[in-house]
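User: I'd like to go through the labels in this structure and hear the reasoning behind each one. Can you take my questions in turn?

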Amino acid sequence: MADLFSLLAIAPIFRGFFAMLLSGACFPLCGVLIIRLDLIPMRYMLMHGVILGGALSLALSLPLVPVTAVVNLLLVLLMMAIHQEGGMGGASAATMVLSMAAASVITHVADVPAKDTLNLLWGSPFALVDSDLVLLALLGALLVSYIILNFQTILALFFNREVASSLGINVRLHSTLLVLVIALVVALAMKILGAFLIDALLVLPVLTATRYIPGGIRKLFIASSICGFLSALAGYLVAVAIDWPPSAAIAICSSILYLGSYGFRARGKGVHAK
């Protein structure tokens, strides 16, 4: 235990620890929005947007994070412009293909090594600097503030778009803003933390919370945040203690927590049956 605390005192490891706790608590909130609005396909489109943004930044020698953010926001606006009522799967797939084609052309014309753009998808908590922590904190604050300030509108959009419109809510505007917030958070966090880790903190904590604490949306947001925080905390400590990759350790802890929910539900049903 003393050795673990000594390791956490090392600056890169402590920065990663802080980033993981912050990400574990905040990013599952974004996962709730993604799952409830059926935006899983958009997550893959954003991943390819990171590749396109990386290719542009390398080709033009521009700062990576701003370019990646702008590219993904433009892709989301394009997706929102062409999507049909009833789902965004087709629009996100078309936008993903377009972004990959553009990235391929840029890497060929500007002679940008493909491996350099693909490496942008794999981050490491140990490689974070102070500016990355500030950006993560700002993203977390943006996400939490948006959800708190627009909670009733989000509830209406989750329930039924026609009902939301009848209540005087500008469904098109709020849907676009909601998707833009998700895109900004996921795209920038993916660049900082990597695609694998973002997946472990976006989706699994929400699925786990749904099984442990069925109930209203407010409970789902809170429970998802708790599950993500616990997964990040346990996974990072395990990774530091036994020298595992943090992303893999956190993903394993998140998966174990999810799988444990099956036993929890089965036990709960047994108690009710008695």
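Analyst: Happy to. Let's begin with Cys30: its relative accessible area is 0%, and buried means under 20%, so Cys30 is called buried. Keep in mind throughout that this is a predicted model.

User: What makes Cys26 count as buried or exposed?

Analyst: The relative accessible area of Cys26 is 10%. The limit for buried is under 20%, so Cys26 goes down as buried.

User: How do you know whether Cys26 and Cys30 form a disulfide?

Analyst: Look at the sulfurs. For Cys26, the closest cysteine sulfur sits in Cys30, 10 Å away. Going the other way, the closest one to Cys30 is in Cys26, again at 10 Å. A disulfide needs the two sulfur atoms within 2.5 Å, so that pair is too far for a bond. Searching the whole structure turns up zero disulfides.

User: Why is Ser61 called exposed?

Analyst: Ser61 has a relative accessible area of 66%. Exposed means over 50%, so the label fits Ser61. You'll find Ser61 in the loop between helix 3 (40–60) and helix 4.

User: What is notable about the phi of Ser61?

Analyst: The phi of Ser61 is near 55°, which is a positive value in a residue other than glycine. Asp243 also has a positive phi, near 60°, and is likewise a residue other than glycine.

User: Where is Asp243, and what makes it buried or exposed?

Analyst: Asp243 is in the loop between helix 13 and helix 14 (246–273). Relative accessibility comes out at 68% for Asp243; the cut-off for exposed is over 50%, so Asp243 counts as exposed.

User: Why does Pro66 get the label "partly exposed"?

Analyst: Pro66 has a relative accessible area of 47%. Buried would need under 20% and exposed over 50%, so Pro66 falls in between and is partly exposed. Pro66 belongs to helix 4 (residues 64–82). Its C-alpha is 8.9 Å from that of Leu188, although the two are 122 residues apart along the chain.

User: How do you know that Leu46 is buried, and what does it touch?

Analyst: Leu46 has a relative accessible area of 0%, and the limit is under 20%, so Leu46 is buried. It's a helix 3 residue. Setting aside neighbours within four places in sequence, Leu46 is in contact with Asn72, Val76, Ala183, Val186 and Met190. From Leu46 to Val71 there are 25 residues in sequence and 9.3 Å in space, C-alpha to C-alpha.

User: What about Ser175, buried or exposed?

Analyst: Buried. Ser175 has 6% relative accessibility, and the threshold is under 20%, so that settles the label for Ser175. Ser175 is part of helix 10. Apart from neighbours within four places in sequence, Ser175 contacts Met80, Leu157 and Arg161.

User: Which residues touch the most others in the largest nonpolar core, and which helix gives the most to it?

Analyst: That core has 77 residues, and Met42, Val76, Ile182, Val186, Leu193 and Phe221 touch the most other members. Helix 10 (residues 171–193) gives the most to this core, with 14 residues. As background, nonpolar side chains in soluble globular proteins tend to be buried together.

User: What makes Phe158 buried, and what does it touch?

Analyst: Phe158 sits in helix 8 (residues 151–159). With a relative accessible area of 11% against a limit of under 20%, Phe158 is therefore buried. Not counting residues up to four places away in sequence, Phe158 touches Val32, Leu33, Arg36, Leu37, Ile217 and Phe221. On the same terms, Phe221 touches Leu29, Val32, Leu33, Ile147, Phe151 and Phe158.

User: Which residues line the second largest pocket, and how do they split by class?

Analyst: Leu29, Val144, Ile147, Ile148, Phe151, Arg218, Phe221 and Ile222 form the lining. Seven of them are nonpolar, none is polar and one is charged. Arg counts as charged, so the charged one is Arg218. Helix 7 (130–149) and helix 13 (217–242) each supply at least two lining residues, and about 160 Å³ of space lies in this pocket.

Definitions and conventions. Residues numbered from 1 in each chain as written. Predicted model: local features only at pLDDT ≥ 70, side-chain atom pairs only at ≥ 80, totals over all residues. Heavy atoms only, no water. 1 Å grid on protein atoms, 1.4 Å probe; cavity = no way out; pocket = protein on both sides within 12 Å on 5 of 7 lines; lining within 4 Å. Points joined across faces, edges and corners; volume = space filled by probe spheres on them. Helix = DSSP H or I, 4+ residues; strand = E, 2+ residues; numbered from the N terminus. Buried < 20%, exposed > 50% of the residue type's maximum accessible area, 1.4 Å probe, protein only. Core = buried A, V, L, I, M, F, W, Y, C linked by side-chain atoms within 4.5 Å. Contact = heavy atoms within 4.5 Å.
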